[in-house]
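Reader: Could you take me on a close look at the sheet in this model and at what surrounds it? I would enjoy one connected account rather than a list.

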Amino acid sequence: MKRIAICAPGKRIEREHADAVLDLAQSIGGLELRFHPQCFARHGHFAGDDATRLKALVECASDPSADAVWFAAGGYGSNRIAADALAALGPPAQAKTFLGFSDPGYLLAGLYRHGIGRPAHGPMASCIARDGGEGAVRRALGFLAGSAEGLEAG
């Protein structure tokens, strides 16, 4: 069973979308998804203020029981906490996969530059709300479970 910690370093995710992701993961099996409560916080359009988002990201990345950190949504708020987050990550982050795209790309690039974990560019949990989103999230869940089926050959 792979354990996936989910945080929102930028925008929040709506509960109905998180529930849809949880239902999809349950139908696939082999994954335990844990949405950090911060994912549903509200501070303007962000998932909490900068300090709240930073704390949640560091908690998820530092959780030794989590195999991966999946970003719930995009939003430029992630770049506002990226430097502080990278400085705060400890040894448990080294073994984790980090998955997301869009503005959390700042975090992925920083992780890559500093040799932290295994950053990967791919769908976020909030993609479930888009046209074709179920397929995108299904591929992301497969990747997080260890499947290479949804990966591009290059």
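Author: Happy to. In this predicted model, five strands form an open sheet with parallel pairing, in the order E2-E1-E3-E4-E5. Its edges are E2 and strand E5 (118-121), each of which pairs on one side only. Direction ignored, neighbouring strands of the sheet are turned by 20° against each other on average.

Let us look closer at one pairing. E1 and strand E3 (residues 68-71) run parallel and are joined by four bridges. Across this pairing, isoleucine 6 stands opposite tryptophan 70 in E3. A helix belongs in this picture too: H2 lies across E1, E3 and strand E4 (97-100), and H2 runs at about 170° to E1.

Stepping back to the chain as a whole, you will find five helices and five strands, which follow the pattern β-α-β-α-β-α-β-α-β-α along the sequence. The radius of gyration is 14 Å, close to the 15 Å that the globule rule gives for 154 residues, so the chain is as compact as a globular protein of that length. Along the principal axes, the C-alpha trace spans about 35 × 35 × 30 Å. Of the 154 residues, 45% are buried. The contacts reach far along the sequence: among those between residues at least 6 apart, 74% join residues at least 24 apart.

Now to the charged side chains. Side chains of opposite charge can pair when their charged atoms come close. A search of the whole structure finds ten salt bridges. Glutamate 14 is a good place to begin, with a salt bridge to arginine 12 at 3.5 Å, N to O, and another to arginine 42 at 3.0 Å, N to O. The pair of glutamate 14 and arginine 42 ties together parts that are 28 residues apart in sequence, because glutamate 14 lies in the loop between strand E1 (2-7) and helix H1 (15-28), while arginine 42 lies in the loop between strand E2 (31-35) and helix H2 (50-62). Their surroundings can be compared through accessibility: glutamate 14 is partly exposed at 30% relative accessibility, and arginine 42 is exposed, with a relative accessible area of 55%.

Helix H2, which we met lying across the sheet, has a salt bridge of its own. Here the side chains of arginine 53 and aspartate 50 meet at 2.7 Å, N to O. The two residues are three apart in helix H2, so about one helical turn separates them. Arginine 53 is buried, with a relative accessible area of 0%, whereas aspartate 50 is partly exposed at 26%. Elsewhere, a network of salt bridges links Arg3, Glu32, Arg34 and Asp63.

What about disulfides? The structure holds zero of them. Cysteine 39 is in no disulfide, and the nearest cysteine sulfur, that of cysteine 7, is 6.4 Å away; a disulfide would need the sulfur atoms within 2.5 Å. Cysteine 39 is buried, at 0% relative accessibility. Cysteine 127 is in no disulfide either, and for this residue the nearest cysteine sulfur is that of cysteine 39, 14 Å away. Cysteine 127 also counts as buried, at 5% relative accessibility.

Conventions:
Residues are numbered from 1 along each chain as its sequence is written. This is a predicted model: local features need pLDDT of at least 70, side-chain atom pairs count only at pLDDT 80 or more; totals for chains, interfaces and linings use all residues. Side-chain values use heavy atoms; hydrogens and water are left out. A salt bridge is a side-chain nitrogen of Lys or Arg within 4 Å of a carboxyl oxygen of Asp or Glu. Buried means under 20% relative accessible area, exposed over 50%, partly exposed in between (1.4 Å probe, protein chains only). Two strands pair if DSSP finds at least two bridges between them. Axes are lines fitted to C-alpha atoms, for helices over the stretch in contact, and angles run from 0 to 180 degrees between N-to-C directions. Contact means heavy atoms within 4.5 Å. The radius of gyration is taken over C-alpha atoms; the globule rule is 2.2 Å times the number of residues to the power 0.38.
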